[in-house]
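Dear colleague,

I am handing over the structure below for you to look through alongside this message. After it I have set out what was found, beginning with a question that you may like to settle by eye before reading on.

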Amino acid sequence: MTDWSSVRVLVTGGSRGIGLGLAEGFLQVGAAVAISGRSPDALGHAAQRLGEHGDRLHCIVADVADPRACAVMAAEAQQRLGGLDVLCANAGIYPECALDELGVEDVTAIMTTNVAGTIFAVQACRAALKASGRGRVVVTSSITGPVTGYPGLSHYGASKAAQLGFVRSAALELAADDITINAVLPGSIATEGLDGLGADAIARMLACIPQRRLGTPADIAAAARFFASEEASFVTGQTLVVDGGQTLPELPESG
Ligand code: NAP
């Protein structure tokens with residue numbers, strides 16, 4: 001069984017949404033957690049929300065798109081937590097843009113944050129994870145790209161599929177350091193980002209989910225905890241879809 005009280009976790013993009021849920025999910029079982037993001041204010045709000053676990057929570061300002069910032073983030077996390085066992089490479093963006101409208105800046109931004117940001121965070125944390133002796137990386141990918149498509153998110157889908165290509169090859173290199181790397185593929189998760197969508201859009205989303213509910217950040221945290229656990233020590237380079245059955249139906253009416 002995993003003794004979570006000795007586990008030290010860094011969650012990139014931990015200031016809101018799924019990342020905040022990941023942080024809470026690890027804090028609830030007794031782990032020590034550092035959350036990172038670009039906005040100090042957002043990190044401050046997150047720290048308030050997670051206040052009851054304050055003695056085990058640390059906030060680090062860092063942009064994952066910058067490899068030097070990732071190196072500083074990794075060093076700071078290691079120093080504040082006294083080491084590092086788990087990296088949740090979660091930071092990501094998903095601005096919608098039709099294929100015809102996509103410019104160099106749109107594509108560069110999404111690839112730099114979602115793909116390069118994942119790679120830089122793993123690179124920066126590798127030595128600390130190796131020193132842990134039970135290092136784990138859990139990447140937040142998506143069903144969009146690896147499994148499904150969504151109009152307006154072609155660049156995003158490409159970035160989320162690219163993360164899985166990275167996971168599979170990195171798994172081979174990281175195995176030498178007893179570090180596993182796996183990916184969670186969330187479906188539609190209720191985060192602040194969905195707040196502005198309106199009731200009609202939410203109803204259409206629910207109609208596509210056999211379990212007839214949106215996922216929660218806690219659902220993703222449970223999957224991440226599995227990959228981070230002792231019990232998953234022989235699991236690497238793998239993916240876990242967490243979507244309430246959204247990707248299953250062969251026919252629309254069977255969903
Ligand atoms: P969110 O609510 O917008 O939160 C994104 C987090 O990432 C924030 O903490 C944000 O903080 C941080 N972030 C963004 N760019 C960053 C950068 N360059 N460097 C460091 N931190 C950065 O998004 P979310 O919905 O929770 O999504 C989180 C992850 O889940 C993403 O990888 C997304 O692709 C994936 N996902 C989400 C869903 C969903 O339904 N919500 C479904 C599938 C997959 P700052 O802006 O302050 O930096």
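Which helix supplies the largest share of the lining of the second largest pocket? Please keep in mind, as you look, that this is a predicted model.

The share in question comes from H5, which contributes five residues to the lining of the second largest pocket. Helix H4 (104-132) and helix H5 (154-174) each supply at least two of the lining residues, and the full lining consists of Ile119, Val122, Gln123, Arg126, Phe166, Ser169, Ala170, Glu173 and Leu174. Sorted by class, these residues divide into five nonpolar, two polar and two charged, and the volume of this pocket comes to about 160 Å³.

The enclosed space can be described in a similar way. A search of the whole structure finds one cavity of 30 Å³ or more, and the largest cavity has a volume of about 30 Å³. Its lining is made up of Thr12, Val64, Ala89, Asn90, Ala91, Gly117, Thr118 and Ala121, with H4 giving the most, namely three residues. The lining of the largest cavity holds four nonpolar and four polar residues, while charged residues are absent from it.

As for the fold, the protein chain contains seven helices and seven strands, which follow one another along the sequence in the pattern β-α-β-α-β-α-β-α-β-α-β-α-α-β. Seven strands form an open sheet with parallel pairing, in the order S3-S2-S1-S4-S5-S6-S7. Its edges are strand S3 (57-61) and strand S7 (239-242), each of which pairs on one side only, and neighbouring strands of the sheet are turned against each other by 20° on average, with direction ignored. H5, already met in the pocket lining, packs on this sheet, where it touches strand S5 (136-140), strand S6 (180-186) and S7; the direction of H5 makes about 160° with that of S6.

Within the sheet, strand S1 (residues 8-12) and strand S2 (residues 32-37) run parallel and are joined by five bridges. If you would like a particular place to start when inspecting this pair, Leu10 stands opposite Ala34 in S2.

Finally, there are the overall dimensions. The C-alpha atoms of the protein chain fill a box of roughly 50 × 40 × 40 Å, taken along the principal axes. The radius of gyration of the protein chain is 17 Å, which agrees with the value near 18 Å that a compact globule of 255 residues would have.

With best regards

Terms used
Residues are numbered from 1 along each chain as its sequence is written. This is a predicted model: local features need pLDDT of at least 70, side-chain atom pairs count only at pLDDT 80 or more; totals for chains, interfaces and linings use all residues. Side-chain values use heavy atoms; hydrogens and water are left out. On a 1 Å grid over the protein atoms alone, a cavity is a set of points where a 1.4 Å probe fits but cannot get out, and a pocket is an open set with protein on both sides within 12 Å along at least five of seven lines; lining residues have an atom within 4 Å of a point. Grid points are joined across faces, edges and corners, and a volume is the space filled by probe spheres set on the points. Helices (H or I, at least four residues) and strands (E, at least two) are DSSP runs, numbered from the N terminus. Ala, Val, Leu, Ile, Met, Phe, Trp, Tyr, Cys and Pro count as nonpolar, Asp, Glu, Lys and Arg as charged, and the others, Gly among them, as polar. Two strands pair if DSSP finds at least two bridges between them. Axes are lines fitted to C-alpha atoms, for helices over the stretch in contact, and angles run from 0 to 180 degrees between N-to-C directions. Contact means heavy atoms within 4.5 Å. The radius of gyration is taken over C-alpha atoms; the globule rule is 2.2 Å times the number of residues to the power 0.38.
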